[in-house]
Amino acid sequence: MRQAVITGTGSYVPERVVTNAELSATLGEDVDGFVSNTLGIRERRWCRDDESTADLAESAARRALDDAGLQPSDVDLLIVSTDTPEYVSPATASVLHGRLGMRSDAGTFDVNSACAGFATALDVAWKYLRADERYGCVLVVAVYAMSKFLDPADKKTVTIFADGAGAVVLQASEQAGILASELAADGSFSDGMGVFAGGTAEPITADVLEDGTRNRLRFVRKYPKEVNEEGWPRIVRSVLGRIGQTVPEVDLWLWTQVNRSTIEAVMDRLGEPMDKAHTVMGKWGYTGSACLPMALDDAAKSGRLKPGDLIVLTGSGAGLSMGCVALRWTRDGSPLSARSLRGEGPGEGQHG
């Protein structure tokens, strides 16, 4: 059976740094204590006024391709995960396809599962590679430019959300890289958080703009802490069980990077030391669906990963959506040959 391995990673953040001190001055109160100590966020990156989702996505995509030793022409399928799209229509993936100069016979589409988007897109990419021999290389990009939708006076959102992009190159291989995945959802929380105006249910009108509420990111009702503190352990145990692995055998945990105290509580519940969880929210804030590939790239570039490591990444967010992927890190620093993989069916590999 064809398998899929990650052969390149890349990430990008805007140049503008927004510190807790700056936000404290803007909001007229000291927010650093809670934001630093509970959320684990010390600073975040925001786009310039003339910088957008596609700009971030392009930079991350090119870095991932460079890391894999590939060109855009080597990519057979592009999947973009975002809930801050370049436009309502066309798809952000179409914009990125054009910017990268990809082949006309290379497909592309967007995935919107909010902050579970990268796990969802990785799940889809893996299954394309396993199911159809015409696909040998899939580029997955997760991108977030939520600063464009923030209310600068709303401390519940402006202190957390940030901008950035992460990307991975996934290629067909005889090695088993992606091992198992699982998706979950609870639509009863679909009204809990979001940018609710701008779609067909609530088009942008003069009244909407004047009110300035529904066209900005809002927390409408609080998610119970059990959603993540119980939901994350439940989904990772399910995924690990399907590949015959146990919690202590995981070498690196990557969680949605929104709240360090939640990650600490989950690691404690799993009986795992916090040093096995890699976090990036301290320097980059919360970047939604982009945070997992950004954390993966940061872990790889900082030397935390070695061939054979078992990695479990779990994302959750508005919707409510959740996704979990278990993978073996197979990279040793030398890129795979795109020519040897595209259009060729690999031999039988071992799954899980």
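**Exercise 1. Work out what share of the residues is buried, and how the overall fold measures up against a globule.**

Solution, step by step:

- Start with burial: in this predicted model, 58% of the protein's 352 residues are buried. The cut-off for "buried" here is under 20% relative accessible area.
- Next, count the elements: there are 13 helices and 13 strands.
- Now the radius of gyration. It comes to 19 Å, close to the 20 Å that the globule rule gives for 352 residues, so the protein is as compact as a globular protein of that length.
- Finally, the box: along the principal axes, the C-alpha atoms fill roughly 60 × 50 × 35 Å.

**Exercise 2. Lay out the five-stranded open sheet and find which strands stand at its edges.**

Solution, step by step:

- Write down the strand order: S1-S7-S6-S4-S5, with mixed pairing.
- Read off the ends. Strand S1 (3–12) and strand S5 (107–111) each have a single partner strand, so one side of each is left without a neighbour in the sheet.
- Check the twist: neighbouring strands of this sheet are turned by 20 degrees against each other on average, direction ignored.
- Zoom in on one pair. Strand S6 (residues 137–145) runs antiparallel to strand S7 (residues 163–173), and nine bridges join them.
- Pick out one position to look at: cysteine 137 sits opposite glutamine 171 in S7.

**Exercise 3. Describe the largest pocket: its volume, its central residues and the elements that line it.**

Solution, step by step:

- Volume first: the largest pocket holds about 970 Å³ of space.
- Then the centre. The lining has 35 residues, and Leu39, Ile160, Phe219, Lys222 and Asn259 are the closest to the pocket's centre.
- Which elements give two or more residues to this lining? They are helix H2 (32–39), helix H6 (155–158), helix H8 (226–229), helix H10 (260–270) and strand S12 (310–317).
- Rank the contributors: H2 supplies the largest share, four residues.
- Sort the lining by class, and you get 17 nonpolar, 10 polar and eight charged residues.

**Exercise 4. Do the same job for the second largest pocket, from its volume to the classes of its lining residues.**

Solution, step by step:

- The volume of the second largest pocket is about 760 Å³.
- Its lining has 29 residues, with Asp83, Pro85, Asn112, Val195 and Ala197 nearest the centre.
- By class, the second largest pocket is lined by 17 nonpolar, 10 polar and two charged residues.
- Put the charged counts side by side: two in the lining of the second largest pocket, eight in that of the largest.

Terms used: Residues are numbered from 1 along each chain as its sequence is written. This is a predicted model: local features need pLDDT of at least 70, side-chain atom pairs count only at pLDDT 80 or more; totals for chains, interfaces and linings use all residues. Side-chain values use heavy atoms; hydrogens and water are left out. On a 1 Å grid over the protein atoms alone, a cavity is a set of points where a 1.4 Å probe fits but cannot get out, and a pocket is an open set with protein on both sides within 12 Å along at least five of seven lines; lining residues have an atom within 4 Å of a point. Grid points are joined across faces, edges and corners, and a volume is the space filled by probe spheres set on the points. Ala, Val, Leu, Ile, Met, Phe, Trp, Tyr, Cys and Pro count as nonpolar, Asp, Glu, Lys and Arg as charged, and the others, Gly among them, as polar. Two strands pair if DSSP finds at least two bridges between them. Axes are lines fitted to C-alpha atoms, for helices over the stretch in contact, and angles run from 0 to 180 degrees between N-to-C directions. The radius of gyration is taken over C-alpha atoms; the globule rule is 2.2 Å times the number of residues to the power 0.38. Buried means under 20% relative accessible area, exposed over 50%, partly exposed in between (1.4 Å probe, protein chains only).
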